[in-house]
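Me: Please take a close look at one part of this structure and describe it in detail. I should also like to see how that part sits within the chain as a whole.

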Amino acid sequence: MARAIGLRVYRISITVKGDPKKNVPLDFSALSTSFYDFVDQFIDQNSVANSVAAMERTWFFDKSSGSKKMDNFGHVSYGTYGFESNFKNNKTKKVNYRRKKNDVEEIPLFFNFFFPGGKRYGLVAFQPFQGRSCVQLVIDKMKEAFEASNSDYHLRISKMMPNDANGSIFNTAPVKRLKFIKRKSSADISDLYESDAPDPVDVELTISARRKGSLGSFRSVAGSLRHDGVLSYGGMDFDEAVAQIRVGGKLRPVGILGNNRNAGVIDVTESIVWGDDGHPTIESIRKESQEILKSFSQSIGNSLS
């Protein structure tokens, strides 16, 4: 689906410089301010567009009015510029506007910072859109700002990945369905179904468990598919694999490590409501984000308490 909507979860912690295994509380008295206050201030301070000239990108926070210090959410408005293009009416094909090089195309990408009480870690969910994401730009800026005012500490913001020991919400979850995808496969495969299709094709293979069964835990399934960095099954190499597991009380598709850049992205497309602007309504994506972040928090437990 062209408008597939996913959420990627990151874990946030603060470590002592020179001792990366030593995590300190997010409200540690030696910090310039509690990390909860820092995030709140950082969002407010970056509510005006940051321009990254080398990448021809802009971004800024648009915080929801319902945000709280321990639960900040809203949109990151992510912009691209640097090239000309035509904007046409898709039905009439009439050119409505000629985009100039300095015109910025902005899209809203959902974010949600979530801090479980009494833990030495926080979580944040970011939404990519059609392969576009401003996550690294935001993270780099946040780390720079935090460490500038807390010189004895490092800010760690890391992806919750399927092979992450602390990502046990992936690891222990039973897999109900697997989908393998091979993009732009040679048309020779069409011989299997006696077709004379001249163009490359996308190949999809789906494997489902019986009603009360599973295909194994996410960790075991993902591990069995990786061979020397190649994602393979049944003697065939694939570009992507997606496992359906239970996250936040629902069965959701999650990317598996392989050649797939969406590994670890949780697909929420089927659960969100589309607004008239062609983007998810903030209420619907916020609901999914909360369910997912709370599931991750329960799964991590006291591993970074």
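**Helix H5 and its setting**

Reply: Of the 305 residues in the chain, 45% are buried, where buried means under 20% relative accessible area, exposed means over 50%, and partly exposed lies in between (1.4 Å probe, protein chains only). The model is a predicted one, in which local features need pLDDT of at least 70 and side-chain atom pairs count only at pLDDT 80 or more, while totals for chains, interfaces and linings use all residues. Residues are numbered from 1 along each chain as its sequence is written, and side-chain values use heavy atoms, with hydrogens and water left out.

The mean pLDDT (the predictor's confidence in each residue, from 0 to 100) is 83 for the chain, and 85% of the residues score at least 70. The secondary structure comprises five helices and 18 strands; these are DSSP runs numbered from the N terminus, with helices (H or I) of at least four residues and strands (E) of at least two. Among these elements, H1 has the highest mean pLDDT, at 95, and strand S13 (residues 226-227) the lowest, at 61.

The part chosen here is helix H5, which covers residues 282-300. From its first C-alpha to its last, this 19-residue helix reaches 26 Å, close to the expected 27 Å; the expected span is 1.5 Å times one less than the number of residues. The buried residues of H5 include the hydrophobic side chains Ile-285, Ile-292, Leu-293, Phe-296 and Ile-300. Arg-286, Glu-288 and Gln-290 are also buried, as are Ser-284, Ser-289, Ser-295 and Ser-297.

H5 also holds a salt bridge, between Glu-291 and Lys-287, whose closest N and O atoms are 3.1 Å apart; the term denotes a side-chain nitrogen of Lys or Arg within 4 Å of a carboxyl oxygen of Asp or Glu. Because the two residues are four apart in helix H5, about one helical turn separates them. Glu-291 is partly exposed at 22% relative accessible area, and Lys-287 is likewise partly exposed, at 45%. Through salt bridges with shared partners, these two residues belong to one network with Lys-250, Arg-252 and Glu-288.

The loop between strand S18 (266-267) and H5 contains Thr-269. This threonine is buried, with a relative accessible area of 7%. Its side chain makes a polar contact of 2.7 Å with the side chain of Asp-267. Such a contact is a pair of N or O atoms within 3.5 Å; within protein, one must be able to donate a hydrogen and the other to accept it, and residues adjacent in sequence count only if both atoms are side-chain atoms. Thr-269 and Pro-280 are 11 residues apart in sequence, with 8.9 Å between their C-alpha atoms.

For the wider setting, a search of the whole structure finds 13 salt bridges. One of them joins Asp-40 to Lys-63, with closest N and O atoms 3.3 Å apart. That pair links distant parts of the chain, 23 residues apart, since Asp-40 lies in helix H1 (residues 35-45) and Lys-63 in strand S4 (residues 57-63). Lys-63 counts as partly exposed, at 29% relative accessibility. The side chains of Glu-105 and Arg-99 also meet in a salt bridge, at 3.5 Å from N to O; here Arg-99 is buried at 2%, whereas Glu-105 is partly exposed at 28%.

Pairs 24 or more positions apart make up 63% of the contacts with a separation of 6 or more, a contact being heavy atoms within 4.5 Å. Tyr-153, in strand S10 (residues 153-159), is buried at 10% relative accessible area. Its C-alpha is 5.6 Å from that of Thr-15, although the two residues are 138 apart along the chain. Leaving aside residues up to four places away in sequence, Tyr-153 touches Thr-15, Val-24, Phe-28, Leu-31 and Phe-146, among others.

Two loop residues have notable backbone angles. Glu-56, in the loop between strand S3 (50-52) and S4, has a positive phi of about 55° although it is not a glycine. Lys-93, in the loop between strand S6 (85-88) and strand S7 (95-99), also has a positive phi, near 65°. Glu-56 is partly exposed, with a relative accessible area of 34%.
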